[in-house]
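Biologist: I would like a close look at a single part of this protein, namely one strand and the strands beside it. Please go slowly and explain each term when it comes up.

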Amino acid sequence: MVTRLYTHPIFLEHITPPGHPERPDRLRAIERVLDDEAFAALDRANAPEGDEATILFAHPQEFVEKVRAAIPDTGIARVDADTTASPKSWQAAVTAIGAANAAVDDVFQGRADNVFVAARPPGHHAEKTTAMGFCLFNTAAIAARYAQRHHQAERVAIVDWDVHHGNGTQDIFWDDPSVLYCSTHQMPLYPGTGAVSETGAGNIVNAPLAPQTGSDVFRDAFLSRILPTLDDFAPDLIIISAGFDAHHRDPLAEINLTEDDFDWATGQLIERAGRHSGNRLVSLLEGGYDLQGLAFSVAAHVGRLMKG
């Protein structure tokens, strides 16, 4: 298996207020753990700056201009109660989109079997017309649309194991049966969406997890709900919204996963990508706010991507 890693120094320049959980040190922790010799074979590349026009694949022009106008010349501007922007946030967000779209190109053009994008800000809370939950634009949604428009993918599956429900991705694809959205997440928890009854056009599969549950419940949700749906859908591409805040060390939630669970879930999705998608799998970093838990979980995830 050829696994590519995209990251870029610009992602460190998306500055958040002191004490904010979504901080540049998250990427520094990932960089340190992936510097280990165990990852020597990882194909590393600088993330390219994205084509701003592709943002319109998931968001209307008026919203894009609203986000652009919120970027301050100096200091930190508040977009909502949890979401902020600094002078380089636009460039960081557009480069995250560029990396995700390049990853889609890589797996469709045979340069890699799978790709992990270590970028920030994250994206899965960004709705069609609302930036929220640390997110400005919905990178996973844009990448899914990019695969459809540039590589004629008929069916794209997005699997989101971030501990917070990806309300933005659900919002964008609510009535679009060409994109399957599957999510495991803690409930109740921010943003308050993600009930089993939320099914869209039959393309939304939510598997909420009760607080203080762990590996058994998470794996059962995968085995009983997520994986059978993936098999039925038979996607041309699998995108992972790879948040690692369901780790037991994470301060923002109460799900007790370990890095072994992320290794296992990654393996299950690699198997489905091999079965349905010509091995095409793209993983995009979302949450994960305890630096040790994040680093160890990413190491397990990327290690499994490399093993196949």
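Modeller: What follows is a walk along strand 10 and its partners, and then outwards to the whole chain.

This is a predicted model, in which local features need pLDDT of at least 70, side-chain atom pairs count only at pLDDT 80 or more, and totals for chains, interfaces and linings use all residues. Residues are numbered from 1 along each chain as its sequence is written, and side-chain values use heavy atoms, with hydrogens and water left out.

The protein has 8 helices and 10 strands, where helices (H or I, at least four residues) and strands (E, at least two) are DSSP runs, numbered from the N terminus. Strand 10 covers residues 281-285, and because 5 of its 5 residues are buried, it is largely enclosed by the rest of the structure; buried means under 20% relative accessible area, exposed over 50%, and partly exposed in between, with a 1.4 Å probe and protein chains only. In a regular strand the side chains alternate between the two faces of the sheet. In strand 10 both faces are covered, with Leu281, Ser283 and Leu285 buried on one side and Val282 and Leu284 buried on the other.

Two strands pair if DSSP finds at least two bridges between them. Strand 10 pairs with strand 9 (residues 237-242) in the parallel sense over 5 bridges, and there serine 241 stands opposite leucine 284. Between these two strands the chain passes through helix 7 (residues 259-276), and this β-α-β crossover is right-handed, which means that, with the strands pointing away from the viewer, the path from the first strand over the helix to the second runs clockwise.

Strand 10 is also joined to strand 5 by 4 bridges, and these two run parallel; here serine 283 faces phenylalanine 116. Phenylalanine 116 in strand 5 also stands opposite leucine 5, since strand 5 (residues 114-117) is joined in parallel to strand 1 by 4 bridges. Strand 1 (residues 3-7) has 4 of its 5 residues buried, so it too is largely enclosed by the rest of the structure. Strand 1 is joined by 4 bridges to strand 2 (residues 43-46), again running parallel, and tyrosine 6 has alanine 45 as its bridge partner there. The chain goes from strand 1 to strand 2 through helix 1 (residues 25-34), in a right-handed β-α-β crossover.

Across the whole protein, buried residues make up 59% of the 308 residues.
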